[in-house]
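Dear colleague,

I am handing over the structure below, together with a short account of what was found in it. Please read the notes alongside the sequence and the coordinates.

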Amino acid sequence: MDSAIASLRPLHSACLNVSRGHFVWWLKMSAYAIQTEGLTKVFRNQWAGAELRAVDDISLSVPAGTAFGLLGPNGAGKTTFVKLLLSCCIPTAGRAMIFGEDSSRPEARRPVGYLPENHRFPTYLTGHDMLDFYGALSGMDSAARRRRIPELLHLVGLEERAHHLRLSSYSKGMLQRVGLAQALMHSPKLLVLDEPSDGVDPVGRHHIRAVLQELGKQGVTVFLNSHLLAEVEQFCTSVAIIQKGRVALSGSVEELTRGSGYRVEAVDVPEQLETELRAGARSAAQVNGSLELFFATREEANGAIDRLRAAGVAVESLGRTRSTLEDVFIRTVEQKAA
Amino acid sequence: MNSASLIATLALVRDTFREAFARRIFWGFFVCSSLFLFALAFIFRIDFSAGPPMVHSFQGTLAVAIYYVGTALSVFASASLVSVMFEPGRIELLLSKPVSRTHLLLGRYLGNLAVVAANVSYLTGGAWLIFGLKTGVWGGGFLLSALCMIFVFAVLLAVIVLAAVVLDSAVVATMITFGILFAAAILAQRFSIERLLSSESSRQLVELLYYVLPKTSDISGIVWKLSVQEPVESWMPVWSSGLFGAAVLAAGIRHFQKRSF
């Protein structure tokens, strides 16, 4: 399977009938895989006179070749944003562009591979036939589809037997895998994945991540909409957190998770000194026999180190603290809610 | 149409066939048609000794019966094939492909029409063959009635498409389509109805409805005339029904283009 990942075809391989027109279009492609300008979607219930701003004036740019994560609590507008991006939903205001082309134009969606959340693939098709159908809709000719399908089914780890089983007998994890294969069918330059590892076991999740990482190395832009913050943190380079239809926070994962404090670790700290240091620290903990002290400022951390050294205590390690993406997410959502 | 569009169209038509097979719609239609043909072959006593006028009359009645049975079966069989396309989780993936909404809807429309055309051809062709073998009468007009049936279904399918796009319900789409069939049967008797109406405006309304709605009952008269090889005086019911179908299909496409999923 690893060899299958390594042998993922380079972008825009022979899978598509790339005409001269397409090539010119490809050259003109924007440096941004995704750009939205004031994208807004208001759902109106004319009977009740109520309205819901599911997506509210979102302007977002995702550079080509990056792995971008879209985060947000349930009902924040993530899936509506994705639907607007792919023209499944008609915006109330604003516009979305894919590689510089208005996404409402069918041709703009040609470089996009999409795996929707709560997908409902035609269950009367086999895995093989389903890939063949969606490949044909993406404009692939039959020879290219015949070549590509076995490669992809092998890539996503579906056994030979599964190729000829109807999707109605697939497990949730198998459906996600074949769904990912469907999204990769025409070697897309932009992969939009809505909860791709939903229902997939940890091994399968690891495998999907490996596939995505390989695609990332090949320059494919991955737009990931996921609840699994650890997954997003491991894979994405940039994220946006949206709440109540608006971008609450965005930036690189590195910047967002960089903490503002300092951590000092020491062993065999005399009891009296430990009590004094704990009193001056923001927080402290005993971890496997070591004392970990957290300070808000560099000066406080340096002061603690001086006192430890003066007492002849060896400092085991020191460094900047880091937040997890989960910390950042919860902090942002709580702040906005407050 | 470029090659990518053609590939996508063929995929949509083939997918509709596959779904019709999987939902046993195709086979249901096939079994009903086969039972009808079985009855025609083994139950009805048809022979040339009854005399040519009687045989022609029976052929005409048979064509009209097939027309009504086939149309009703087609509507029942097709309503779910259109609305199922708009299921959440399925439509989003279709819309994300580099295919226009018009193309998607027309692809499904064509696939549905092809499913019904295959079954109607079997039903009419089978009846024509059995009738010919039993009586020695091989009227080509009887086969033309299959085209009339496919045409009327194409018009009614436009209604199914519009109802499914707007209301998202196969059941309601079926009810509306049968409502139109029922209204057409009543409006075909408009002269009798108008005599019962007291005001001029209500008479004009009946006239208007007659000319606007598809004339499925009047077309059954054309089917009769074609099968008994009599001349057809007016094709107005056909072309005006065609206009209705085109307008309704255009409205369905328009609504689909503006709809959010």
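In strand 10 of chain A, G251(A) is the bridge partner of V239(A). Please bear in mind throughout that this is a predicted model. The pair belongs to a wider pattern: strand 9 (residues 238-243) and strand 10 of chain A are paired in the antiparallel sense over six bridges.

**The six-stranded sheet of chain A**

These two strands are part of an open sheet of six strands in chain A, whose order is 6-7-8-3-9-10 and whose pairing is mixed. At its edges lie strand 6 (112-115) and strand 10 (246-252) of chain A, each of which pairs on one side only. On average, neighbouring strands of this sheet are turned by 15 degrees against each other, direction ignored. Helix 3 of chain A packs on the sheet and touches strand 3 (67-71), strand 6, strand 7 (190-194), strand 8 (221-225) and strand 9 of chain A. The direction of helix 3 makes about 145 degrees with that of strand 8 of chain A.

**The four-stranded sheet of chain A**

Chain A also has an open sheet of four strands in the order 2-1-4-5, with antiparallel pairing. Here the edge strands are strand 2 (50-63) and strand 5 (101-102) of chain A, each pairing on one side only. Strand 5 of chain A is joined to strand 4 (residues 93-98) of chain A by two bridges in the antiparallel sense, and I98(A) stands opposite E101(A) of strand 5. Helix 3 (residues 78-85) of chain A appears again in this setting: it lies across strand 1 (32-45), strand 2 and strand 4 of chain A, and runs at about 115 degrees to strand 1 of chain A.

**The interface of chain B and chain A**

How much area do chain B and chain A bury between them? The value is about 2800 Å², with 58% of it on carbon and sulfur atoms. In chain B, the residues that lose the most area to chain A are L93(B), K97(B) and P98(B), which together account for 23% of what that side buries. The contact involves 30 residues of chain B and 33 residues of chain A.

Four salt bridges are found across this interface. In a salt bridge, the side chains of R18(B) and D129(A) meet at 3.8 Å, N to O. The interface also holds 16 residue pairs in polar contact, both residues at pLDDT 80 or more. Helix 1 (3-22), helix 4 (91-95) and helix 11 (236-258) of chain B are the elements that give two or more residues to the side touching chain A. Helix 1 of chain B gives the most, with 11 residues. By class, that side of chain B has 13 nonpolar, six polar and 11 charged residues.

With kind regards

Note on methods
Residues numbered from 1 in each chain as written. Chains lettered and ligands numbered in written order. Predicted model: local features only at pLDDT ≥ 70, side-chain atom pairs only at ≥ 80, totals over all residues. Heavy atoms only, no water. Pairing = 2+ DSSP bridges. Contact = heavy atoms within 4.5 Å. Axes fitted to C-alpha atoms, helices over the stretch in contact; angles between N-to-C directions. Buried area = accessible area lost by both parts, 1.4 Å probe. Polar contact = N/O pair within 3.5 Å; in protein donor to acceptor, adjacent residues only side chain to side chain. Nonpolar A, V, L, I, M, F, W, Y, C, P; charged D, E, K, R; others polar.
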